[in-house]
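Biologist: Please take a close look at the side chains in this model and at the pairings they make. I would like one connected account, with the distances and the degree of exposure wherever you have them.

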Amino acid sequence: VKVHYNGVSKPVTILATDYMNDLSLMKSDIKPDDYFSVSSNDAILLDEIYVAGYPFGKAISSSVKVTKGVVSALTGLGNNYSNIQIDAALQPGNSGGPIINNKGNVVGVAVAKLDYKAIIKDFGAIPEGTNFGIKSSVLKNFLDANGIETLKASTSAISRTELGKKITDGTLFLSCLMTYAQIEKLRAEKVMFTDLE
């Protein structure tokens, strides 16, 4: 795994992994110009959120991309209470990206979207706006368990200009080389399952 920032590319060291919640704690020599605080409270229904990341890697462009939406459910697939459901668009490459509120705090981590082929096959409909993130409380527990202190979350809303700058300066692009078998295994774990009733 490598982290890319302002034209510099450096390897990361993986310090810890939470396979259940698809989280990983990584360390690098790169220091971004800004950072995000983790919200001390989980998002609530209808909170406005922004998702930052690099959908499709850098194939479209090298700049960070942002989608906007709301928290549409307080549980994930199969009543997974460690997840929230959001309607902001997610694509391959968004995984691990921050889900941010209007105060600039992370309220979740982008993790998955429904597999439209499976939904069409099972339900005969194209899923729209059904995406998932790991709740900030789960992220906070993971960081606490690994001795990582987080700074106090902001309590005041910031302007969209400030938020855009924070997202640009604090969201980093990660790349990883995987074998085809690893990609297929990951794809099987991160998409919606065909056995829902």
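**Side chains and their partners**

Modeller: Val 1 is placed in the segment before β1, the strand of residues 2-5. Everything that follows refers to a predicted model. The relative accessible area of Val 1 is 39%, which makes this residue partly exposed. Patch members need over 30% relative accessible area, so Val 1, at 39%, clears that cut-off. Its partners in a nonpolar surface patch are Ile 14, Met 26 and Leu 174, and the four together have about 310 Å² of accessible area.

From the surface I turn to the rings. The structure has one aromatic pair. It is made by Tyr 54 and Phe 173, with 5.1 Å from centre to centre and 70 degrees between the planes. Planes over 60 degrees apart count as edge-to-face, and the pair of Tyr 54 and Phe 173 is therefore assigned to that class. Tyr 54 belongs to the loop between β6 (48-53) and β7 (65-73), while Phe 173 belongs to strand β12 (residues 173-175), so the pair ties together parts that lie 119 residues apart in sequence. Both partners are buried: Tyr 54 has a relative accessible area of 10%, and Phe 173 has one of 13%.

Another ring, that of Tyr 35, has a charge over it. The charged end of Lys 166 sits there, 5.4 Å from the centre of the ring. Lys 166 is also one of the buried residues of helix α3, which spans residues 160-170. The others on that list are Leu 163, Ile 167, Asp 169 and Gly 170. The cover over these buried residues includes the strands β1, β6, β7 and β9 (98-100).

Helix α3 also holds a salt bridge. Lys 165 and Asp 169 meet through their side chains at 2.6 Å, N to O. They are four residues apart in α3, which means about one helical turn separates them. The two ends differ in exposure. Lys 165 counts as exposed because its relative accessibility is 53%, whereas Asp 169, at 13%, counts as buried.

Helix α2 (residues 136-145) has a pair with the spacing of about one turn as well: Lys 140 and Asp 144 both lie in this helix, four residues apart. The closest N and O atoms of their salt bridge are 3.6 Å apart. Here both residues are partly exposed, with a relative accessibility of 25% for Lys 140 and 43% for Asp 144.

Across the whole structure, the search finds four salt bridges. Among them is one between strands: the side chains of Glu 48 and Lys 68 meet at 3.7 Å, N to O. Glu 48 is in β6 and Lys 68 is in β7, so this bridge ties together parts 20 residues apart in sequence. A salt bridge needs a nitrogen within 4 Å of a carboxyl oxygen, and the 3.7 Å of Glu 48 and Lys 68 meets that limit. Glu 48 counts as partly exposed at 42% relative accessibility, and so does Lys 68 at 48%.

Just before β6 in the chain comes Leu 46, found in the loop between β5 (37-38) and β6. At 61% relative accessibility this leucine counts as exposed. Leaving aside residues up to four places away in sequence, Leu 46 touches Val 70 and Val 71. Its C-alpha is 9.7 Å from that of Leu 74, although Leu 46 and Leu 74 are 28 residues apart in sequence.

The backbone of Leu 46 deserves a remark too: its phi is near 75 degrees, a positive value in a residue other than glycine. Asp 22 also has a positive phi, about 60 degrees, without being a glycine. Asp 22 lies in a loop, the one between β3 (13-18) and β4 (23-27). Its relative accessibility is 37%, so Asp 22 counts as partly exposed, whereas Leu 46 counts as exposed.

Methods. Residues are numbered from 1 along each chain as its sequence is written. This is a predicted model: local features need pLDDT of at least 70, side-chain atom pairs count only at pLDDT 80 or more; totals for chains, interfaces and linings use all residues. Side-chain values use heavy atoms; hydrogens and water are left out. Patches are made of residues with over 30% relative accessible area and no salt bridge: like charges are joined within 9 Å, nonpolar side chains (Val, Leu, Ile, Met, Phe, Trp, Tyr) within 5 Å. Accessible areas come from the Shrake-Rupley method with a 1.4 Å probe; for residues, only the protein chains shown count as cover. Helices (H or I, at least four residues) and strands (E, at least two) are DSSP runs, numbered from the N terminus. Buried means under 20% relative accessible area, exposed over 50%, partly exposed in between (1.4 Å probe, protein chains only). Rings of Phe, Tyr and Trp (its six-membered ring) pair if their centres lie within 6.5 Å; planes under 30 degrees apart count as stacked, over 60 as edge-to-face and the rest as tilted. A charge sits over a ring if NZ of Lys or CZ of Arg is within 6 Å of the ring centre and within 35 degrees of the ring normal. Contact means heavy atoms within 4.5 Å.
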